[in-house]
Amino acid sequence: MNDYHMHTYRCKHAQGDVEDYAQVALKRGLKVMGVSDHTPLPDDWEPEIRMDITELPGYVETIEKAKEKFKQLTILKGLECEYQKKYYGYFHDELLGKWDFDYLALGQHVFYCDGEWVCFWKGMKGYKELRTYTEYTVMGIESGLFDYLAHPDCFGSFYETWDEEAKSCAKYIIEAAQAYNMPLEINCSGFRKGEIDTIQGSRYKYPLEHFWEMAAQYNVRTLINSDAHRPEELTVGVEKAQDIVKRYNLVLADMAYLTEK
Ligand SMILES: [Zn+2]
Ligand SMILES: [Zn+2]
(Lines give C-alpha, C1' and ligand atoms only; values in the text may rest on other atoms or scores of the structure.)
(Ligands and ions follow the chains in the order given, each with its own letter.)
Protein backbone atom coordinates (compact mmCIF):
# COMPACT_ATOMS: atom_id res chain seq x y z
CA MET A 1 0.00 0.00 0.00
CA ASN A 2 1.15 3.53 -0.80
CA ASP A 3 0.01 6.87 0.59
CA TYR A 4 0.91 10.19 -0.99
CA HIS A 5 -1.00 12.61 1.22
CA MET A 6 -0.15 13.53 4.83
CA HIS A 7 0.57 16.64 6.85
CA THR A 8 3.00 17.63 9.60
CA TYR A 9 2.59 19.98 12.56
CA ARG A 10 4.00 22.81 10.44
CA CYS A 11 0.65 23.60 8.78
CA LYS A 12 -0.79 24.55 12.19
CA HIS A 13 -3.75 22.14 11.98
CA ALA A 14 -1.94 18.79 12.02
CA GLN A 15 0.21 16.88 14.50
CA GLY A 16 3.41 14.91 14.25
CA ASP A 17 6.49 15.11 12.10
CA VAL A 18 7.89 13.00 9.29
CA GLU A 19 9.54 10.39 11.52
CA ASP A 20 6.32 9.89 13.51
CA TYR A 21 4.51 9.18 10.24
CA ALA A 22 7.28 6.85 9.08
CA GLN A 23 6.97 4.75 12.23
CA VAL A 24 3.21 4.34 11.81
CA ALA A 25 3.63 3.76 8.06
CA LEU A 26 5.97 0.83 8.72
CA LYS A 27 3.58 -0.69 11.28
CA ARG A 28 0.70 -0.42 8.83
CA GLY A 29 2.61 -1.98 5.97
CA LEU A 30 3.08 1.01 3.69
CA LYS A 31 5.77 0.74 1.03
CA VAL A 32 5.73 4.33 -0.16
CA MET A 33 4.96 7.33 2.02
CA GLY A 34 4.67 10.73 0.36
CA VAL A 35 4.82 13.68 2.74
CA SER A 36 2.66 16.46 1.32
CA ASP A 37 2.25 19.26 3.82
CA HIS A 38 0.40 22.42 2.78
CA THR A 39 2.86 24.43 0.72
CA PRO A 40 4.40 27.61 2.06
CA LEU A 41 3.92 30.53 -0.30
CA PRO A 42 6.23 33.45 -1.04
CA ASP A 43 3.53 35.98 -0.05
CA ASP A 44 2.30 33.90 2.92
CA TRP A 45 -1.24 33.81 1.53
CA GLU A 46 -3.68 32.29 4.07
CA PRO A 47 -0.88 31.75 6.58
CA GLU A 48 -3.08 30.01 9.15
CA ILE A 49 -3.29 26.78 7.12
CA ARG A 50 0.31 26.46 5.98
CA MET A 51 3.90 26.63 7.15
CA ASP A 52 5.77 29.88 6.99
CA ILE A 53 8.08 30.29 3.98
CA THR A 54 11.03 30.37 6.38
CA GLU A 55 10.17 26.80 7.50
CA LEU A 56 10.68 25.33 4.03
CA PRO A 57 14.40 24.47 4.41
CA GLY A 58 13.68 22.70 7.72
CA TYR A 59 10.83 20.72 6.16
CA VAL A 60 13.04 19.59 3.30
CA GLU A 61 15.87 18.67 5.66
CA THR A 62 13.55 16.67 7.92
CA ILE A 63 12.29 14.63 4.96
CA GLU A 64 15.81 14.08 3.60
CA LYS A 65 16.96 12.81 7.01
CA ALA A 66 13.97 10.45 7.29
CA LYS A 67 14.71 9.12 3.78
CA GLU A 68 18.17 8.15 5.03
CA LYS A 69 16.95 6.72 8.32
CA PHE A 70 14.00 4.60 7.15
CA LYS A 71 15.52 2.47 4.42
CA GLN A 72 12.66 -0.06 4.48
CA LEU A 73 10.27 2.66 3.41
CA THR A 74 10.31 4.86 0.34
CA ILE A 75 9.71 8.38 1.56
CA LEU A 76 8.85 11.05 -0.98
CA LYS A 77 9.25 14.78 -0.63
CA GLY A 78 6.02 16.48 -1.63
CA LEU A 79 3.75 19.45 -1.00
CA GLU A 80 0.05 20.07 -1.47
CA CYS A 81 -0.54 23.35 -3.31
CA GLU A 82 -3.31 25.76 -4.19
CA TYR A 83 -2.90 27.05 -7.70
CA GLN A 84 -2.78 30.65 -8.79
CA LYS A 85 -1.03 31.78 -11.97
CA LYS A 86 1.24 34.11 -10.02
CA TYR A 87 2.76 31.10 -8.21
CA TYR A 88 3.71 29.23 -11.39
CA GLY A 89 7.33 30.37 -11.28
CA TYR A 90 7.64 29.61 -7.57
CA PHE A 91 6.22 26.09 -7.93
CA HIS A 92 8.20 25.33 -11.06
CA ASP A 93 11.56 27.02 -10.42
CA GLU A 94 11.77 26.96 -6.63
CA LEU A 95 9.91 23.87 -5.43
CA LEU A 96 10.44 21.49 -8.36
CA GLY A 97 13.70 23.15 -9.44
CA LYS A 98 15.83 24.41 -6.60
CA TRP A 99 14.32 22.29 -3.81
CA ASP A 100 13.94 19.22 -6.01
CA PHE A 101 10.57 18.05 -4.72
CA ASP A 102 9.55 14.55 -5.81
CA TYR A 103 6.02 15.68 -6.51
CA LEU A 104 3.43 18.40 -6.00
CA ALA A 105 -0.25 17.69 -5.37
CA LEU A 106 -2.98 20.12 -6.36
CA GLY A 107 -5.47 20.79 -3.54
CA GLN A 108 -7.57 23.88 -4.07
CA HIS A 109 -8.67 24.70 -0.51
CA VAL A 110 -9.02 28.45 -0.97
CA PHE A 111 -10.02 30.54 -3.95
CA TYR A 112 -10.97 34.10 -4.76
CA CYS A 113 -14.66 34.63 -5.49
CA ASP A 114 -16.66 37.85 -5.75
CA GLY A 115 -14.12 40.04 -3.98
CA GLU A 116 -13.31 37.67 -1.14
CA TRP A 117 -11.31 34.60 -0.34
CA VAL A 118 -13.39 31.48 0.14
CA CYS A 119 -12.29 28.43 2.17
CA PHE A 120 -14.01 25.24 1.05
CA TRP A 121 -14.51 23.86 4.55
CA LYS A 122 -16.30 26.93 5.95
CA GLY A 123 -20.09 26.89 5.59
CA MET A 124 -22.48 26.36 2.70
CA LYS A 125 -22.08 28.32 -0.50
CA GLY A 126 -23.75 28.63 -3.86
CA TYR A 127 -23.18 28.09 -7.52
CA LYS A 128 -20.72 30.97 -7.95
CA GLU A 129 -18.31 29.49 -5.44
CA LEU A 130 -18.74 26.05 -6.98
CA ARG A 131 -17.92 27.44 -10.42
CA THR A 132 -14.92 29.37 -9.10
CA TYR A 133 -13.55 26.35 -7.26
CA THR A 134 -13.87 24.43 -10.51
CA GLU A 135 -12.13 27.11 -12.56
CA TYR A 136 -9.16 27.31 -10.19
CA THR A 137 -8.90 23.54 -10.08
CA VAL A 138 -8.95 23.18 -13.86
CA MET A 139 -6.37 25.98 -14.18
CA GLY A 140 -4.17 24.00 -11.78
CA ILE A 141 -4.61 20.82 -13.80
CA GLU A 142 -3.72 22.69 -16.99
CA SER A 143 -0.54 24.10 -15.44
CA GLY A 144 1.10 20.68 -15.74
CA LEU A 145 2.83 21.18 -12.39
CA PHE A 146 0.98 18.59 -10.35
CA ASP A 147 1.09 14.82 -10.06
CA TYR A 148 -2.41 14.26 -8.73
CA LEU A 149 -5.53 16.20 -7.82
CA ALA A 150 -6.37 15.94 -4.11
CA HIS A 151 -10.04 15.64 -3.12
CA PRO A 152 -11.49 16.81 -6.48
CA ASP A 153 -14.98 16.47 -4.98
CA CYS A 154 -14.35 18.50 -1.81
CA PHE A 155 -16.89 21.00 -3.17
CA GLY A 156 -19.39 18.58 -1.63
CA SER A 157 -18.62 20.15 1.73
CA PHE A 158 -19.92 23.57 0.67
CA TYR A 159 -22.31 22.75 -2.18
CA GLU A 160 -24.99 20.46 -0.88
CA THR A 161 -27.07 19.27 -3.81
CA TRP A 162 -26.09 17.01 -6.67
CA ASP A 163 -27.87 19.07 -9.33
CA GLU A 164 -27.15 20.17 -12.90
CA GLU A 165 -24.60 22.74 -11.69
CA ALA A 166 -22.72 20.16 -9.64
CA LYS A 167 -22.81 17.71 -12.53
CA SER A 168 -21.47 20.28 -14.96
CA CYS A 169 -18.59 21.26 -12.66
CA ALA A 170 -17.74 17.63 -11.90
CA LYS A 171 -17.74 16.91 -15.63
CA TYR A 172 -15.42 19.84 -16.32
CA ILE A 173 -12.92 18.66 -13.68
CA ILE A 174 -13.05 15.03 -14.81
CA GLU A 175 -12.66 15.96 -18.48
CA ALA A 176 -9.65 18.13 -17.64
CA ALA A 177 -8.14 15.27 -15.62
CA GLN A 178 -8.65 12.97 -18.58
CA ALA A 179 -7.13 15.42 -21.05
CA TYR A 180 -4.07 16.07 -18.85
CA ASN A 181 -3.74 12.50 -17.58
CA MET A 182 -4.02 13.67 -13.99
CA PRO A 183 -4.94 11.05 -11.35
CA LEU A 184 -7.91 11.93 -9.15
CA GLU A 185 -7.66 11.21 -5.44
CA ILE A 186 -10.28 9.43 -3.36
CA ASN A 187 -9.61 11.25 -0.12
CA CYS A 188 -10.14 9.31 3.11
CA SER A 189 -10.22 12.37 5.37
CA GLY A 190 -13.73 12.99 4.04
CA PHE A 191 -14.89 9.71 5.60
CA ARG A 192 -13.32 10.70 8.90
CA LYS A 193 -15.27 13.98 8.95
CA GLY A 194 -18.55 12.06 9.19
CA GLU A 195 -21.83 12.43 7.33
CA ILE A 196 -24.00 15.49 6.74
CA ASP A 197 -27.76 15.66 6.12
CA THR A 198 -28.83 17.08 2.78
CA ILE A 199 -32.21 17.27 1.08
CA GLN A 200 -31.02 14.30 -0.96
CA GLY A 201 -30.25 12.23 2.15
CA SER A 202 -27.20 11.89 4.36
CA ARG A 203 -23.79 11.55 2.75
CA TYR A 204 -20.14 12.29 3.37
CA LYS A 205 -19.01 15.85 2.63
CA TYR A 206 -16.66 14.02 0.27
CA PRO A 207 -15.91 11.62 -1.37
CA LEU A 208 -19.13 12.05 -3.38
CA GLU A 209 -20.57 8.83 -4.75
CA HIS A 210 -22.07 10.65 -7.75
CA PHE A 211 -18.72 12.18 -8.60
CA TRP A 212 -17.00 8.80 -8.76
CA GLU A 213 -19.86 7.23 -10.62
CA MET A 214 -19.37 9.93 -13.25
CA ALA A 215 -15.56 9.60 -13.23
CA ALA A 216 -15.94 5.89 -14.04
CA GLN A 217 -17.41 6.86 -17.40
CA TYR A 218 -14.16 8.54 -18.43
CA ASN A 219 -10.64 7.39 -19.08
CA VAL A 220 -9.26 8.68 -15.77
CA ARG A 221 -7.13 7.06 -13.09
CA THR A 222 -7.56 7.30 -9.34
CA LEU A 223 -5.48 6.94 -6.21
CA ILE A 224 -6.46 6.46 -2.60
CA ASN A 225 -4.81 8.65 0.04
CA SER A 226 -5.44 9.07 3.74
CA ASP A 227 -4.76 12.85 3.91
CA ALA A 228 -3.64 12.14 7.48
CA HIS A 229 -3.33 15.14 9.76
CA ARG A 230 -2.10 12.89 12.61
CA PRO A 231 0.17 9.86 12.17
CA GLU A 232 -2.55 7.53 13.54
CA GLU A 233 -4.81 8.55 10.67
CA LEU A 234 -2.55 6.90 8.09
CA THR A 235 -4.54 4.33 6.07
CA VAL A 236 -7.73 4.99 8.10
CA GLY A 237 -10.72 4.83 5.76
CA VAL A 238 -8.86 3.09 2.95
CA GLU A 239 -11.35 0.17 2.87
CA LYS A 240 -14.21 2.57 2.22
CA ALA A 241 -12.27 4.14 -0.63
CA GLN A 242 -11.50 0.70 -2.03
CA ASP A 243 -15.24 -0.03 -1.97
CA ILE A 244 -15.80 3.00 -4.20
CA VAL A 245 -13.10 1.76 -6.59
CA LYS A 246 -14.80 -1.64 -6.77
CA ARG A 247 -18.33 -0.28 -6.96
CA TYR A 248 -17.60 1.84 -10.03
CA ASN A 249 -14.80 -0.20 -11.54
CA LEU A 250 -12.33 2.66 -11.30
CA VAL A 251 -8.80 2.28 -12.61
CA LEU A 252 -5.99 2.83 -10.12
CA ALA A 253 -3.10 5.06 -11.15
CA ASP A 254 0.41 3.71 -11.28
CA MET A 255 2.44 6.25 -9.32
CA ALA A 256 5.66 4.21 -9.46
CA TYR A 257 7.28 6.84 -11.69
CA LEU A 258 7.52 9.13 -8.67
CA THR A 259 9.92 6.79 -6.90
CA GLU A 260 11.95 6.20 -10.04
CA LYS A 261 12.67 9.85 -10.80
ZN1 LIG B 1 -4.84 20.24 6.04
ZN1 LIG C 1 -6.32 18.94 1.20
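**Exercise 1.** Check whether the span of helix H5 (residues 164-179) agrees with a rise of 1.5 Å a residue.

*Solution.* Helices here are DSSP runs of H or I with at least four residues, strands are runs of E with at least two, and both are numbered from the N terminus. The expected span is 1.5 Å times one less than the number of residues. For the 16 residues of H5 this gives 22 Å, and the end C-alpha atoms are 22 Å apart, so the two agree.

The model is predicted: local features need pLDDT of at least 70, side-chain atom pairs count only at pLDDT 80 or more, and totals for chains, interfaces and linings use all residues. Residues are numbered from 1 along each chain as its sequence is written, while chains are lettered from A and ligands numbered from 1 in the order in which they are written.

**Exercise 2.** Find which residues of H5 are buried, and what covers them.

*Solution.* A residue is buried if 20 or more other C-beta atoms, placed from the backbone, lie within 10 Å of its own. In H5 these are Ala166, Cys169, Ala170, Ile173, Ile174, Ala176 and Ala177. They cover an arc of only 160 degrees around the axis (by the directions from the axis to the C-beta atoms), which puts them on the same side of H5. An α-helix has 3.6 residues a turn, so residues three or four places apart point the same way. The cover includes helices H4 (127-142) and H7 (209-215) and strands S7 (148-149) and S8 (184-187).

**Exercise 3.** State what follows H5.

*Solution.* Asparagine 181 follows H5, with a positive phi near 55 degrees.

Key
Buried ≥ 20, exposed ≤ 12 C-beta atoms within 10 Å, placed from the backbone. Contact = placed C-beta atoms within 7 Å.
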